[in-house]
Amino acid sequence: SIAILDFGSQTSQLIARRVREAQVYCELFPWDAPAEKVLALHPKGFILSGSPASVYESGAPFIPAYVLDSGLPILGICFGMQALTYALGGKVAAATRREYGLAQVESTGDNPLLPPGEHRVWMSHGDRIEQAPPGFISLAHTGNSPVAMMGNLETKRFGVQFHPEVHHTPGGRELLRRFVVEVCGAKPDWTLDSIIRAATDQIRASVGDERVLVAVSGGVDSSVATALVNRAIGDQLTAVFVDHGLLRQGEREQVEAAFRRSLGQRLVVVNAIEDYMDALQGVTDPEQKRRIIGEKFIRIFETEAKKAGSPRFLVQGTIYPDVVESSAPDRSKAQRIKTHHNVGGLPKDMQFTLVEPLRYLFKDEVRAVGEALGLPAELVWRQPFPGPGLAVRCLGDITLERLDTLRAADHIFTSELTAAGLLNRATDEPDGISQAFAVLLPVRSVGVMGDTRTYQETVALRAVTTEDFMTADWARLPYDLLARTANRIVNEVAGVNRVVYDITSKPPATIEWE
Ligand code: XMP
């Protein structure tokens, strides 16, 4: 395995994903994590991430002594390279100007990581290397930087000024693969088979012959976690799926189709539609909607848990990005904008021991595991859907009729996007749409249909591109797709005579309307 030390770059997780794509297991640690914790992984090498810091700043992060003393191969990326240079006695020049964007590097003949010749790379750095440390040679240069890449071939330590982990560096994937596999000698044994085997072994070891409970929501993570646990311990598992009536078109049927055959009667579908409708009647405040939905879920789940014999273990679909401690500026201190409720978001006083089979997996790996376990593509490639469901997209009163209207409009929009090949793609693919949906507004406006005056509600379409859902941009959808969608909604969905497209980014807007 490989240890990646995070010095606060926005792209640290991407480095880890690229290493995993080379089928080498790796973990990401804050740069100042305790040595024992990092070394417990028995890494075959280290990768040092970039950072917004400069090595000359007071209080700047630095390479911990145990890393340099280990004698293991090191690859420093951007700031990581500068820190390596600084630590090993080379010269780093403070930035006079930033180099940002695409650049051409020319690799020299003896570069073991990058074939000789010209390569397009992505640069984003201030400081640069003036003089490589003793024992290091320049392995690539640009017009601006005589040392865009350096290495000490004996000690197997390397630095790159550019970012091999991003899309815009086409040769970057191969560079990282060569470093981890050929230089470090890490075994490329992190394959789907081994991921599934390791996860199922671990589940069996931790739950023994006890009963296990899972709440499936139809989301990717809870579905894949369920499939894994089912593979591991089969008949000890009970899965509870609560239909709160706030699901998208066909969603309940999809979940049942995906799990009924393998789980049989151990899949419990609770029809709680009326229950939720009663509780939500007349409620228009977004936070109150969320509170009611969250509390109701907990009560239903408690009842089902009792019926299933009060299992001690609960499966959660936590994935690696949720658990990595990042060195990037702390977002958790941000003000609470809305209370996010997860289906399965249970209070701490419910006494379960958690089973988290996806805890070390990235989203792409979760999807691949899901496909390997035979889950249908609609489920595995599904876009994120909020726990409170359509309640936060049906602005104003929530009624069965308005929910049906919203479902129909949403289905038209997502089908058009899917037909155009724009939806349900890997998260790091460029131009893919991360999330797209319809919102029903309690705003009536005047229209004309045939010769008749109409006075009906409005549908807003929302489609965004985003890396992490913390910031997002509105998707520049083709006009003809928008036109066709609007036309179909007004013609096919009763009660809607106007369609608008949301062109606000996040911030200042959020992705959902409530
Ligand atoms: P916002 O609207 O905050 O959404 O920009 C960011 C992402 O979070 C999803 N979202 C939720 N997910 N429970 C969830 O599980 C919630 O209450 C919730 N609210 C928003 C939203 O769909 C987007 O992907």
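**View 1. Glu165 and the residues around it.** In this predicted model, Glu165 touches Thr11, Leu14, Ile15, Arg18, Gly172 and Leu176, once you leave out residues up to four places away in sequence. Look for Glu165 in the loop between β11 (157–160) and α5 (172–183). Is Glu165 buried or exposed? Count the other C-beta atoms within 10 Å and you get 27; a residue is called buried at 20 or more, so Glu165 is buried.

**View 2. Cys78, sitting in a loop.** Cys78 is found in the loop between β4 (74–77) and α4 (79–87). Being in a loop doesn't put Cys78 out in the open here: Cys78 is buried, with 26 other C-beta atoms within 10 Å. Which residues is Cys78 in contact with, leaving aside neighbours within four places in sequence? They are Gly50, His125, Gln161 and His163. There's also something to spot in the backbone: Cys78 isn't a glycine, and still its phi is positive, at about 55°.

**View 3. Three annotated residues together.** Now put Cys78, His163 and Glu165 in one picture, since the UniProt annotation "active site" covers these three, in an unreviewed entry. Along the sequence they span 88 residues, yet no two of their C-alpha atoms are more than 11.2 Å apart, so they gather at one spot. You've already met one link within this trio: Cys78 is in contact with His163.

**View 4. Lys156, another positive phi.** Lys156 lies in the loop between β10 (149–152) and β11. Its phi is near 60°, a positive value in a residue other than glycine. Why bother pointing that out? Because most residues other than glycine have a negative phi. As for its surroundings, Lys156 has 18 other C-beta atoms within 10 Å, so it counts as partly exposed.

**View 5. Two helices crossing.** Here you see helix α6 (residues 192–207) and helix α12 (residues 363–372). Two packed helices are described by the angle between their axes and the distance between the axes. For this pair, the axes come within 10 Å and cross at roughly 85°. That makes α6 roughly perpendicular to α12. Which residues meet where the helices touch? From α6 come Leu192, Ile195 and Ile196, and from α12 come Glu365, Ala368, Val369 and Ala372. Sorted by class, this contact has six nonpolar residues, one charged residue and no polar ones.

**View 6. Cis bonds at Pro507 and Pro508.** Follow the chain past β20 (496–501) and you'll find Pro507 in the segment after that strand. Pro508 is placed in the segment after β20 too. The peptide bond from Lys506 to Pro507 is cis, with omega near -15°. A cis peptide bond also joins Pro507 and Pro508, this time with omega at about 10°. Most peptide bonds are trans.

**View 7. Stepping back to the whole chain.** How many helices and strands does the chain have? There are 15 helices and 20 strands. The C-alpha atoms fill a box of roughly 80 × 60 × 40 Å along the principal axes. A compact globule of 514 residues would have a radius of gyration near 24 Å, and the chain's 26 Å agrees with that. Of the 514 residues, 42% count as buried. And among contacts with a separation of 6 or more, 74% are between residues 24 or more positions apart.

Methods
Residues numbered from 1 in each chain as written. Predicted model: local features only at pLDDT ≥ 70, side-chain atom pairs only at ≥ 80, totals over all residues. Helix = DSSP H or I, 4+ residues; strand = E, 2+ residues; numbered from the N terminus. Rg over C-alpha atoms; globule rule 2.2 N^0.38 Å. Buried ≥ 20, exposed ≤ 12 C-beta atoms within 10 Å, placed from the backbone. Contact = placed C-beta atoms within 7 Å. UniProt positions renumbered as here; feature names shortened; annotations may be inferred. Axes fitted to C-alpha atoms, helices over the stretch in contact; angles between N-to-C directions. Parallel < 35°, antiparallel > 145°, perpendicular 65-115°, else oblique. Nonpolar A, V, L, I, M, F, W, Y, C, P; charged D, E, K, R; others polar.
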